[in-house]
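The following note is offered to a colleague who is meeting this structure for the first time. It proceeds from the overall picture to one selected element.

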Amino acid sequence: MTPARPALLAAAAVLPALAALHAAPVISTFGPLRNKVMPRLAGQGRPDHIALTFDDGPDHLSTPHFLRLLDARGIHATFFVLGSMLVRSPGLAKEMAAAGHEIAVHGWHHRPLLMRGPRTTHDDLARAREAVAELTGRPPTRFRPPYGVMTAAAHLACHRLGLTPVLWTCWGEDWRKRATFRSVHDAVLRDLRGGGTILLHDSDCTSAAGSWRTTLGALPQILDTCQARGWQVGPLHEHGIADDRAGCQLLPHRTGTR
């Protein structure tokens, strides 16, 4: 056996184990299991409150419509923004924050983290985090991964950057081309319980073209149903979920380093 052969054999044995470790958190993608055994990650909060969240914005064509509707209803929400969208509408991001909405991180690009290593994952989150902090004047504290897929590298990056990962307990399936006002409302209410977190989209940048209009049309009925059931609706920072960084010392952050 050549001297290099034992090292190659060892690497062949280790690499699958590392890949499995990296992908292990993907199990949280399964909603019923996540809601039952990972309530904090699912966004389960205080029982009299519903967290309203939107992904994939901000979009200057669609997001202002949501802001006007929410303002008319006196409701604030959490917007998980993409850095690549944020820099296209910096004024809109400032407007959202000034209106009292919570701005959180959805990454820079809407790409699955499962295909990224620790360095690229960290740099993507850090870049988006810094953009939010610069434009709103407030460092974000929450993160939602694209497609809801967490990895070991994403958890590590969140720890280093002071971000708490939050997924959802129910969604409207509003990204689908065949979605309707009724289907979005019914999909949300099918799994919604007190303390739940709703996922909707204020942009169609990764969804069917024009799907945001369906979401916007379904939103008033969703809010009416929540009100009828005695639930308050608001952002995640009012939801009773502690940040991961509470009570811990964050590691120094330097973009692009390990």
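1. How many helices and strands does the protein have? In this predicted model, the protein contains 10 helices and eight strands.

2. The protein comprises 258 residues, and 50% of them count as buried. Its accessible surface amounts to about 12200 Å², and carbon and sulfur atoms account for 59% of that area.

3. Contacts across the sequence also deserve mention. Among those between residues at least 6 apart in sequence, 79% join residues at least 24 apart.

4. Strand β7, residues 197-201, merits closer attention. This strand is mostly covered, with five of its five residues buried. T197, L199 and H201 point one way from β7, whereas I198 and L200 point the other way. In a regular strand, side chains alternate between the two faces of the sheet.

5. Which strands pair with β7? One of them is β1, residues 49-55, which pairs with β7 in the parallel sense over five bridges. Within this pairing, T53 of the protein stands opposite L199 in β7. Strand β6, residues 170-171, also runs parallel to β7 and is joined to it by two bridges. Here C170 stands opposite I198 in β7.

6. The connection between β6 and β7 completes this description. The chain passes from β6 through helix α9, residues 181-191, to β7, and this β-α-β crossover is right-handed.

Conventions
Residues are numbered from 1 along each chain as its sequence is written. This is a predicted model: local features need pLDDT of at least 70, side-chain atom pairs count only at pLDDT 80 or more; totals for chains, interfaces and linings use all residues. Side-chain values use heavy atoms; hydrogens and water are left out. Helices (H or I, at least four residues) and strands (E, at least two) are DSSP runs, numbered from the N terminus. Buried means under 20% relative accessible area, exposed over 50%, partly exposed in between (1.4 Å probe, protein chains only). Contact means heavy atoms within 4.5 Å. Accessible areas come from the Shrake-Rupley method with a 1.4 Å probe; for residues, only the protein chains shown count as cover. Two strands pair if DSSP finds at least two bridges between them. A crossover is right-handed if, with the strands pointing away from the viewer, the path from the first strand over the helix to the second runs clockwise.
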